[in-house]
2 protein chains.
Amino acid sequence: MKTLLEAIRPTTFIESQKLRDYLDLDLTLASETFQHTGSFKFRAAYNLAVNVENDGILTASSGNFGQALAYACKLTGKKCIVVMPETSAQVKIEAIKSYGATVDLVDTKTVKRSDRVAQLAAENPDFYVASAYDDLFVIDGNASIGDELANRDFDVIISPVGGGGLISGISKGLCRNGHQAKLFGAEPLLANDAAKSLKAGEIVSNETEPMTIADGARTLSLGKHNWEIIKSGVAEIIEVSDEKIAEAVRLLFGLANLKSEPTGALTLGAVLAGKEKFAGKKVCAIVSGGNVDAGIYAEILLSNK
Amino acid sequence: MKTLLEAIRPTTFIESQKLRDYLDLDLTLASETFQHTGSFKFRAAYNLAVNVENDGILTASSGNFGQALAYACKLTGKKCIVVMPETSAQVKIEAIKSYGATVDLVDTKTVKRSDRVAQLAAENPDFYVASAYDDLFVIDGNASIGDELANRDFDVIISPVGGGGLISGISKGLCRNGHQAKLFGAEPLLANDAAKSLKAGEIVSNETEPMTIADGARTLSLGKHNWEIIKSGVAEIIEVSDEKIAEAVRLLFGLANLKSEPTGALTLGAVLAGKEKFAGKKVCAIVSGGNVDAGIYAEILLSNK
């Protein structure tokens, strides 16, 4: 069986002169859109699948983690159940099924995903129950991108924030390499629990799943393991409006030839929301994934007309 | 001044499991969409700009070569004039202007681009007149991608064909490395002069500029220098309908997270047009560029609904 480093695809660094000129900023994109299953989540999922001893893994995921875990379980010969909100992008639901995993759809207006996971866990006692972010194997898997970033001379790194799995992994990876880059989070304004948490000094939750277009960041709160790293390892969480997220999707398309899902464009959205704080710095923006329905993507492209 | 190898960005190899499963084929994409100026043409343009002694370069281009030459001239301190059809994608016209080059638009229904180039050449006798494909510096620049492909174990390589600049460069690059891959061309059915030429054993021209959606392949005929290489170095030219090109654009979007312009998707279109001939082979499809207007791209994405 392949090790994590053998299994993952290194991130794709993209230095678009057009985007740099447009922003007047020394910006590099680190794109995980070509990672296996189309997002960084494969790093976490594979690390989990090779490390847990159970024959099956159960998780809740708004899509990319479920897809990644389904594929990682296929590669490692494990069973997989993924609990998803009914509102998840259709392309993500179909992808998970195509890897042979079981998809369990819930109406998150009436049932909490965590309650449904608990119910399924009781029915499948032999399964490992994995959080898409609040899990040490997940954080360790995501730390692999931190290792890659640590080989480059960045002053600032910006990561999307949902449950905090990616940013805490990057923080861990940078830290263990002694890299001094300042780490920023980029979070949807409509789902700004992490920004509130960092200001309050404790985990603050959203009351309901926030309906931002950044569907990978529709989480209720940061995970506890993630928070332990984020509270000291992250300089600031920048809140990004859905309008700025959409604008960032269009700029990645138009100036960098990069297809990004809205969650992946959060980091460029954070730059658009206030680029003066990055002036003169070598900035890296993580584009965390590329999985978006064609209809939604076309709508975003055309909404600027 | 940077050498060609220092100036170019290596091609981006993408191995999408979803695309492989969909096609049941061992397919690797070699994407030039993240090359400087968004297409392989920068390789040719930079090689030209560093090698010619003139202070200015004049060319006709349906867009990507113009953009690449404009940027290469900016980097090397040369003047640049680009003759383009009025029907060129707006995003390409604007990009060329943004690099400080002069754009000269012609109505190709009434004036041949070559006639307009001759007129401008007479007015600017100090300029080097560069073909976007029929030029040894251009072919040599494009051969750099052949060098990269020669490092990999492909049985088959498929390249888009317009004027023949890319495929002749790849052929040259493979040949000088002693690589034995079989080289196929992929050409729009609506602009199938190269396929006709290979069958006839001599250059056959289109009568008018063909209005395929693959706007990078709207050429009247292969170049003479290109033909000399293609006639012996290319196994077959596959003719691809505009419908298959559009389907390929959608598959690259949906299964590989790759934004491609229609011309770039010609090679996957060629696979769709008859994948049985590639069964059991290690196939590489060149995605030559990613520059496409948002409106046209959204229309292609939605035309499958």
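**Entry 1: the pair B:R43 and B:E148**

I started with B:R43 and B:E148 and found that both are buried. This is a predicted model, so I read every value here as computed. The two residues form a salt bridge, and the closest N and O atoms are 3.0 Å apart. I then looked up where each one sits: B:R43 is in helix 3 (residues 41-51) of chain B and B:E148 is in helix 7 (residues 136-149) of chain B, so this pair ties together parts 105 residues apart in sequence.

**Entry 2: more on B:E148**

How accessible is B:E148? I read a relative accessibility of 17%, and B:E148 counts as buried because the cut-off is under 20%. Next I checked its polar partners. The side chain of B:E148 reaches the backbone nitrogen of B:T11 at 2.8 Å. Its side chain also has a polar contact of 3.0 Å with the side chain of B:R43. Setting aside neighbours within four places in sequence, I listed its contacts as B:I8, B:P10, B:T11, B:F13 and B:R43. B:T11 and B:R43 therefore turn up in that list because heavy atoms within 4.5 Å count as a contact.

In chain A, I looked for a network and found A:E32, A:R43 and A:E148 linked by salt bridges.

**Entry 3: other salt bridges**

I asked how many salt bridges the rule gives over all chains. The count comes to 26. I picked two in chain A for a look.

The first pick was A:R116 with A:D104, where the closest N and O atoms are 2.7 Å apart. A:R116 belongs to helix 6 (residues 113-123) of chain A and A:D104 to strand 5 (residues 102-106) of chain A, so the salt bridge ties together parts 12 residues apart in sequence. I noted that A:R116 and A:D104 are both buried.

My other pick was A:K282 with A:D153, with the closest N and O atoms 2.9 Å apart. This pair links distant parts of the chain, 129 residues apart: A:K282 is in strand 10 (residues 282-287) of chain A, while A:D153 is in the loop between helix 7 (136-149) and strand 7 (156-160) of chain A. Buried or exposed was my next check for A:D153, and it is exposed, with a relative accessible area of 52%. A:K282 counts as partly exposed at 35% relative accessibility.

**Entry 4: where chain A meets chain B**

I moved on to the interface. The contact takes 33 residues from chain A and 33 residues from chain B. Between them the two chains bury about 2400 Å², with 58% of it on carbon and sulfur atoms. In chain A, the residues that lose the most area to chain B are A:F34, A:N257 and A:K259, together 27% of what that side buries.

How many salt bridges cross the interface of chain A and chain B? The rule finds 0. I did count 12 residue pairs in polar contact between chain A and chain B, both residues at pLDDT 80 or more.

Which elements of chain A give two or more residues to the side that touches chain B? They are strand 1 (12-14), helix 2 (17-23), helix 4 (64-76), helix 11 (242-256) and helix 13 (294-302) of chain A. Helix 13 of chain A gives the largest share of that side, 6 residues. By class, I tallied 15 nonpolar, 10 polar and 8 charged residues on the side of chain A that touches chain B.

**Entry 5: the nonpolar core**

Nonpolar side chains tend to be buried together in soluble globular proteins, so I looked for the core next. The largest nonpolar core has 77 residues, and A:L29 and B:L29 touch the most other members. I followed B:L29: beyond neighbours within four places in sequence, B:L29 is in contact with B:T12, B:F13, B:I14, B:L19, B:L252, B:A256, B:L258, B:A285 and B:V287.

**Entry 6: two local checks**

I looked up B:A68, which is in helix 4 (residues 64-76) of chain B. B:A68 is buried, at 0% relative accessible area. Not counting residues up to four places away in sequence, B:A68 touches B:T37, B:K41, B:F42 and B:A45. The C-alpha atoms of B:A68 and B:A45 are separated by 5.8 Å, though these residues are 23 apart along the chain.

My last check was helix 9 (residues 193-200) of chain A, where A:D193, A:A194, A:A195 and A:S197 are buried. Their cover includes strand 8 (182-188), helix 10 (224-233) and strand 9 (236-240) of chain A. After helix 9 of chain A comes A:G201, with a positive phi near 80°.

Terms used: Residues numbered from 1 in each chain as written. Chains lettered and ligands numbered in written order. Predicted model: local features only at pLDDT ≥ 70, side-chain atom pairs only at ≥ 80, totals over all residues. Heavy atoms only, no water. Buried area = accessible area lost by both parts, 1.4 Å probe. Salt bridge = Lys/Arg side-chain N within 4 Å of Asp/Glu carboxyl O. Polar contact = N/O pair within 3.5 Å; in protein donor to acceptor, adjacent residues only side chain to side chain. Helix = DSSP H or I, 4+ residues; strand = E, 2+ residues; numbered from the N terminus. Nonpolar A, V, L, I, M, F, W, Y, C, P; charged D, E, K, R; others polar. Buried < 20%, exposed > 50% of the residue type's maximum accessible area, 1.4 Å probe, protein only. Core = buried A, V, L, I, M, F, W, Y, C linked by side-chain atoms within 4.5 Å.
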